Amino acid sequence: MRKAVAQMMAEAGCTQHQIMSVIAHTQAKTSEIYTKRVERRKLAEFGAQALAGIKW
């Protein structure tokens with residue numbers, strides 16, 4: 001349940017420290033997992049959109 005909440009918070013744009021406070025993580029490394037996943041996915045989406053806009 002906690003993992004699902006952390007993932008939903010990350011998807012909603014919450015910061016790593018906000019997730020830490022709600023889930024009661026004591027180390028940033030633990031909550032960083034969720035924010036990194038979301039950031040990586042968003043970067044991939046942006047990259048794909050940039051490629052789509054290139055005239056080959």
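A nonpolar core, as I shall use the term, is a set of buried residues of the types Ala, Val, Leu, Ile, Met, Phe, Trp, Tyr and Cys that are joined through side-chain atoms within 4.5 Å. I should say at once that the model before us is predicted.

With that term in hand, let us turn to the core itself. The largest nonpolar core comprises seven residues, namely Ala6, Met9, Ala10, Ile19, Ile23, Tyr34 and Val38. Each of α1, α2 and α3 supplies at least two residues of this core. Which helix gives the largest share? That helix is α1, from which three residues come. As for individual members, Ile23 touches Arg2, Val5 and Ala6, when residues up to four places away in sequence are not counted.

I now come to helix α3. This helix covers residues 28-52, 25 residues in all, and reaches 36 Å from its first C-alpha to its last, close to the 36 Å expected at 1.5 Å a residue. Where does α3 bend? The bend, of about 30°, is at Tyr34, and Tyr34 is also one of the residues of the core just described. The buried residues of α3 are Ser31, Tyr34, Thr35 and Val38. They pack against α1, residues 2-11, and α2, residues 16-23.

Among these residues, Thr35 merits a closer look. Is Thr35 buried or exposed? Its relative accessible area is 9%, and because the limit for a buried residue is under 20%, Thr35 counts as buried. The side chain of Thr35 reaches the backbone oxygen of Glu32 at 3.1 Å. Leaving out residues up to four places away in sequence, Thr35 touches Ala10, Cys14, Thr15, Gln16 and Ile19; of these, Ala10 and Ile19 are members of the core.

Ala28 is also found in α3. Ala28 is partly exposed, with a relative accessible area of 32%. Beyond its neighbours within four places in sequence, Ala28 is in contact with Gln16 and Met20. The C-alpha atoms of Ala28 and Gln16 are separated by 7.1 Å, although the two residues are twelve residues apart along the chain.

Finally, the charged pairs. How many salt bridges does the structure hold? It holds three. In one of them, the side chains of Arg41 and Glu11 meet at 2.5 Å, N to O. Arg41 lies in helix α3 and Glu11 in helix α1, so this pair ties together parts that are 30 residues apart in sequence. Both partners are partly exposed: Arg41 has a relative accessibility of 33%, and Glu11 one of 37%.

Arg41 also meets Glu45 in a salt bridge, at 2.8 Å, N to O. Here both residues lie in α3, four residues apart, about one turn of the helix. Glu45 is partly exposed, at 40% relative accessibility. Glu11, Arg41 and Glu45 are thereby linked in a network of salt bridges.

There is also a salt bridge between the side chains of Glu32 and Lys36, at 4.0 Å, N to O. These two residues, again, both lie in α3 and are four residues apart, about one turn of the helix. Why should such a spacing suit a pair of side chains on one helix? An α-helix has 3.6 residues a turn, so residues three or four places apart point the same way. Glu32 is partly exposed at 29%, as is Lys36 at 41%. Glu32 is also the residue whose backbone oxygen is reached by the side chain of Thr35.

Technical notes. Residues are numbered from 1 along each chain as its sequence is written. This is a predicted model: local features need pLDDT of at least 70, side-chain atom pairs count only at pLDDT 80 or more; totals for chains, interfaces and linings use all residues. Side-chain values use heavy atoms; hydrogens and water are left out. The expected span of a helix is 1.5 Å times one less than its number of residues. The bend at a residue is the angle between axes fitted to the seven residues ending there and the seven starting there. Buried means under 20% relative accessible area, exposed over 50%, partly exposed in between (1.4 Å probe, protein chains only). Contact means heavy atoms within 4.5 Å. A polar contact is a pair of N or O atoms within 3.5 Å; within protein, one must be able to donate a hydrogen and the other to accept it, and residues adjacent in sequence count only if both atoms are side-chain atoms.
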